[in-house]
Amino acid sequence: MKKALGRGSRLTAALLASALAGSTMASTGTASAASGAAEVAAVVPSGPGRELSAASFTQMAVDDAGRRVWIAGDRVYPDGSRRGEVIGVLYGGAGPALASADLAAPLSGVAVDPTGSKVYAGQSDHIANYSHENGSLYPLDPIPAPADDCGRELVHTGGRLFFTSRAPASPEGCDDALGMGSVGVAATAEGHSAGEVMYSYTRVHLEGGPGGLLVTAPERWSPTDDPDLGIYRVTDGADGNLLEFLGERRFAESGTGPGMDFRDADFSADGSVLAVADGARGTVLLGGQDARFLDNRYVPLPEGVAPTAVAFSPDGKWFAQGGAGSGDAADLTLAFADPSVEREPLRISFDDEDAGRRVVPRGMEFSGDGEQLFVVTSNQEGTKFWLHTIQTREALAPSSFVNVAHGPAIAGKPIRVTGRLDLDGLAPAEAPQITVQRMDGPDVTFLPPVPVAEDGTFTLEDVLPDRAGDVVYVLGYAGGTFHYRTEHWLLVNTVEESNTVTRSRR
């Protein structure tokens, strides 16, 4: 800012402070994008993140209505005892910064009602049920559920709460095919009954999607097992079937393995694509309505980084892939969901004692508006966890004002300001415009937007105030689909007409 104002400026400190308070330049986030195309392609170290109290992690859920990230896990106390804890970290809005509830251990799985008014957490013999209001949790009647010793997963989709249950034949049997598991659905206040909707011999993972979509993904119980991923749509159950079958997929196809090694899955915003993080194959794309294989045009995680998580933003703009790497290799890539946009993704490395070493399985979710990506990381041992908030705007291409200059600056006379808006690499989705503020002492005037030509050049024409002195023009570009916002401060020193002097400050 000081460089833009130049030496000899007579602007008061109060005016400068006032202008800075309204500036759009400030931004915060865990990771910072580089300023050029080559640098954006490089790996960016993560920030420290927020260390979580839990010593385990099973699932996270984003509450867009209450603007909270809900995380379930067990907390270990100094005497070695464990208690379950569900916490909600505020990421915007009003209310306490942290909401929490103490439950019995083990605690696994968390889901939230789309209205944000209810939060659910999995216990070994029931589903804990809480009403949520402005950061406070109030216990409600528990939801009945079959016994579970292997870790529940919960998903709220199609207006219903679904959950997994599994009681193995032995304490070590969660990963074998000797026990019986199920996917159940909770009753609703509208009179919809509870019950099991399917059974499985192995642990099953759940993922919800837009329009009541539901994925069931069994774990493989041996290297040659070929689990059958299924895609369903939740119905009103009028015909006796709550789930409408849409498609299924075996990754080995031949049934001889290696089959799907599931880590995470997520639907695109329109439900047309299902991304699956597979331990051996990386990111696999399937048709969201029929489970057919799709070509994957996304830049993959670096070689040697084991995939752990995938996430599409609900606004349809972003796609993130998370993994577990070593050293400074990128553990996360953030790219445009539209793979036709030729733009290197933002790459972030988690390799710090205060940031974690890897993205945990199922450890990524976007905010509803797509402006923030929430990432849970852990240390190598999986005993400590951190929550990171990444501003997705950091992955946008940079923009800048260049060659900004002005003509004669005579008090009370017309002035002409020219320059160019430099948008790095990508063509803007819409014709850009430049916002203009004129600051003359304590007076701030908002001028009409200035169009930008195809070559990026623009011309601002204005009439200067009648008195001589310093006038500041604040040129702003709000950003667009592909480009980050930017602004430029131009100091114009006006003179009386009898003492005509032409000055140009850049």
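## Rings, charges and a buried glutamine

Let's start with the aromatics: Y298, F312 and F319 are joined into a cluster by ring pairs. Keep in mind that what you are looking at is a predicted model. In total, the structure holds nine aromatic pairs. One of them brings Y232 and F245 together edge-to-face, with 5.7 Å centre to centre and 65° between the planes. That pair links distant parts of the chain, since Y232 is in strand β18 (residues 228-234) and F245 in strand β19 (residues 243-250), 13 residues apart. The two partners are covered to unlike degrees: Y232 counts as buried because its relative accessibility is 16%, while F245, at 46%, counts as partly exposed.

Then there's F401 with F458. Their ring centres are 5.9 Å apart and the planes sit at 90°, so this pair is edge-to-face too. F401 belongs to strand β31 (residues 399-406) and F458 to strand β35 (residues 457-463), so the contact ties together parts 57 residues apart in sequence. Both F401 and F458 are buried.

**The chain as a whole**

Zooming out, the secondary structure amounts to three helices and 37 strands. The chain has 506 residues, of which 51% count as buried. Looking at contacts with a separation of 6 or more, 51% are between residues 24 or more positions apart. The exposed area of the chain is about 22500 Å², with carbon and sulfur atoms supplying 50% of it.

**Salt bridges**

On to the charged side chains. The structure holds 20 salt bridges, and here are three of them.

| Salt bridge | N to O distance |
|---|---|
| R82 and D74 | 3.8 Å |
| R343 and D424 | 3.3 Å |
| R438 and D462 | 2.7 Å |

Take R438 and D462, whose side chains meet at 2.7 Å, N to O. This bridge links distant parts of the chain: R438 is in strand β33 and D462 in strand β35, 24 residues apart. R438 has 14% relative accessibility, so it counts as buried, and D462 is buried as well, at 11%. Strand β35 has come up before, as the home of F458.

R343 and D424 form a salt bridge at 3.3 Å, N to O. Here the partners come from loops: R343 is in the one between β26 (332-336) and β27 (346-349), and D424 in the one between β32 (414-423) and β33 (433-440), with 81 residues separating the two. Despite its loop position, R343 is buried, with a relative accessible area of 15%.

What about R82 and D74, which meet at 3.8 Å, N to O? In this bridge R82 is partly exposed, with a relative accessible area of 41%, whereas D74 is buried at 6%.

Salt bridges can also join up: E153, E207, D264 and R362 are linked in a network of them.

**Around Q59**

Two members of that network, E153 and R362, also turn up among the residues that Q59 touches. Q59 lies in strand β3 (residues 59-63), and with 5% relative accessibility it counts as buried. Which backbone atoms does the side chain of Q59 reach? One is the backbone nitrogen of V110, at 3.4 Å. Another is the backbone oxygen of L154, which lies 2.8 Å from a polar atom of the Q59 side chain. Leaving aside residues up to four places away in sequence, the contacts of Q59 also include W70, I71, A72, G109, R152 and V155.

Move on to the loop between β3 and β4 (68-76) and you'll find A65. A65 is partly exposed, with a relative accessible area of 49%. Its C-alpha atom is 7.1 Å from that of P114, although the two residues are 49 residues apart along the chain. Besides P114, A65 touches T115 and G116, again not counting residues up to four places away in sequence.

**A nonpolar patch outside**

Finally, the surface. M180, Y199 and Y201 form a nonpolar patch there, and together they have about 380 Å² of accessible area. Where does Y201 sit? Y201 is in the loop between β15 (195-200) and β16 (204-209). Is Y201 buried or exposed? Its relative accessibility is 53%, so Y201 counts as exposed.

Technical notes: Residues numbered from 1 in each chain as written. Predicted model: local features only at pLDDT ≥ 70, side-chain atom pairs only at ≥ 80, totals over all residues. Heavy atoms only, no water. Patch = residues over 30% accessible without salt bridge, like charges linked within 9 Å, V, L, I, M, F, W, Y side chains within 5 Å. Areas by Shrake-Rupley, 256 points an atom, 1.4 Å probe, with all protein chains shown as cover. Salt bridge = Lys/Arg side-chain N within 4 Å of Asp/Glu carboxyl O. Helix = DSSP H or I, 4+ residues; strand = E, 2+ residues; numbered from the N terminus. Buried < 20%, exposed > 50% of the residue type's maximum accessible area, 1.4 Å probe, protein only. Phe/Tyr/Trp six-rings, centres within 6.5 Å; stacked < 30°, edge-to-face > 60°. Contact = heavy atoms within 4.5 Å. Polar contact = N/O pair within 3.5 Å; in protein donor to acceptor, adjacent residues only side chain to side chain.
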